[in-house]
Amino acid sequence: MKIAIAGSGAMGSRFGYMLHQAGNQVTLIDLWPEHVTTINTQGLSVETAGKQRFVKIPAAFPEDVHDDFDLILLFTKAMQLNDMLNKISHLLTDNTAVLCLSNGIGNLETIKKFNSHLDLLVGTTLWTSELVGPGAVVLNGSGYIEFQAIENVSHETVVKINDVLNEAGLDARPSNNVLLSIWKKACLNGVLNTFCTILDCKIMDLRKSQYTPILTQRVVSEFEAVAQAKGIPLTAELALKTINASLAPNQAGDHYPSMHQDIASGRHTEIDYLNGAIARMGKELNIPTPTNTLITELIHAREDIVIKN
């Protein structure tokens with residue numbers, strides 16, 4: 001299958017690598033010049049279990065790509081999604097399926113507003129990856145994908161995409177309620193990403209503090225209240241089960257989450273599409289969200305201190 005990865009940072013590079021290794025024709029699309037140049041000159045550096053290898057996968061800026069693709073995977077950060085869609089608009093043909101696996105709440109609405117006629121699938125993934133420099137990723141743990149066809153996608157296409165993802169070892173599974181999965185993942189990120197960023201630790205280190213369960217419960221309770229008011233059947237029990245599983249070292253535990261990586265690299269975070277989304281919707285719905293509001297403000301304060309505007 002001919003596949004483009006739009007947004008080839010940590011996660012996009014991981015998926016591009018795994019799909020390439022399975023025999024697919026993969027193109028990495030990104031906006032970071034050093035990243036694109038390094039991949040093209042040296043290959044993508046992939047470290048797994050302490051072993052490094054360099055893999056030749058073509059990388060390019062959006063405007064330099066003119067192929068026809070069977071599938072475009074969107075891994076662009078939520079606040080950059082509309083810009084990326086504009087930059088790859090010439091690639092969005094009638095024969096191209098689009099699968100968005102970007103983190104955060106609101107991506108589906110952004111894509112539909114941009115183009116309501118795309119062959120669109122959306123989903124979420126618990127795979128992890130660390131971008132440690134231009135053209136270099138470290139792969140940790142295992143994961144899976146849940147996705148659902150939203151618009152204009154045939155059953156045959158869903159089966160084909162599912163098969164391609166599974167042949168690459170990505171453990172994909174179609175979902176009948178992907179919005180629940182997206183909110184559940186957003187809640188997980190609203191705990192693990194933010195706590196690790198504020199406390200400057202790996203995910204598994206959160207188990208060392210007696211305050212982690214208390215703070216987690218506060219975040220999750222507010223997510224649950226807002227989700228159910230929006231018609232999303234998220235429960236605290238579902239969210240906590242996912243969060244606790246991710247704390248294990250053999251899953252994502254031995255890992256700095258993406259928000260921590262963003263701050264460490266001087267990049268803006270997706271906080272407004274995680275805890276910030278809950279704070280914003282809570283205000284609209286007259287639902288108190290003091291914990292998520294405070295966490296959003298603390299992350300923005302970190303951005304102000306660390307990132308040079």
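Mentor: Before we start, one term: two strands pair if DSSP finds at least two bridges between them. Also keep in mind that this is a predicted model.

Trainee: Good, let's use that. How many bridges are there between β1 and β6, and in which sense do the strands pair?

Mentor: Strand β1 (residues 2–6) and strand β6 (residues 71–74) are joined over four bridges, in the parallel sense. Take A4 as an example: its bridge partner in β6 is I72.

Trainee: What sheet do they sit in, and in what order do the strands come?

Mentor: The sheet is an open one with eight strands, ordered β5-β2-β1-β6-β7-β8-β11-β12, and its pairing is mixed. At the edges you find β5 (59–60) and β12 (172–174), each pairing on one side only.

Trainee: And the four-stranded sheet, what's its order?

Mentor: That open sheet runs β4-β3-β10-β9, again with mixed pairing. Its edges are β4 (51–55) and β9 (128–133); each has a single partner strand, so one side of each is left without a neighbour in the sheet. From one strand to the next, the twist averages 25°.

Trainee: Which helix packs on that sheet?

Mentor: Helix α1 (residues 10–21) does, touching β3, β4, β9 and β10. The direction of α1 makes about 110° with that of β9.

Trainee: Back to bridges. How do β3 and β10 run?

Mentor: Strand β3 (residues 44–48) and strand β10 (residues 136–140) run parallel, with four bridges joining them. Within that pair, T48 stands opposite L139 of β10.

Trainee: Switching to helices: at what angle do α6 and α8 cross?

Mentor: The axes of α6 (residues 178–199) and α8 (residues 236–246) cross at roughly 55° and come within 9 Å. The two helices are therefore oblique to each other, and the crossing is right-handed.

Trainee: Which residues meet there?

Mentor: From α6 you have L180, K184, C187, L188, V191 and L192, and from α8 L238, A239, T242, I243 and S246. By type, the contact has eight nonpolar residues, two polar and one charged.

Trainee: I'm curious about C187. Is that residue buried or exposed?

Mentor: C187, which lies in helix α6, counts as buried because its relative accessibility is 0%, and the cut-off for buried is under 20%.

Trainee: What does C187 touch?

Mentor: Leaving out residues up to four places away in sequence, C187 touches V220, F223, A239 and I243. For a C-alpha to C-alpha distance, try A236: 49 residues from C187 in sequence, and 9.5 Å from it in space.

Conventions: Residues numbered from 1 in each chain as written. Predicted model: local features only at pLDDT ≥ 70, side-chain atom pairs only at ≥ 80, totals over all residues. Heavy atoms only, no water. Axes fitted to C-alpha atoms, helices over the stretch in contact; angles between N-to-C directions. Parallel < 35°, antiparallel > 145°, perpendicular 65-115°, else oblique. Left-handed = near helix turned anticlockwise from the far one by under 90°. Contact = heavy atoms within 4.5 Å. Nonpolar A, V, L, I, M, F, W, Y, C, P; charged D, E, K, R; others polar. Buried < 20%, exposed > 50% of the residue type's maximum accessible area, 1.4 Å probe, protein only.
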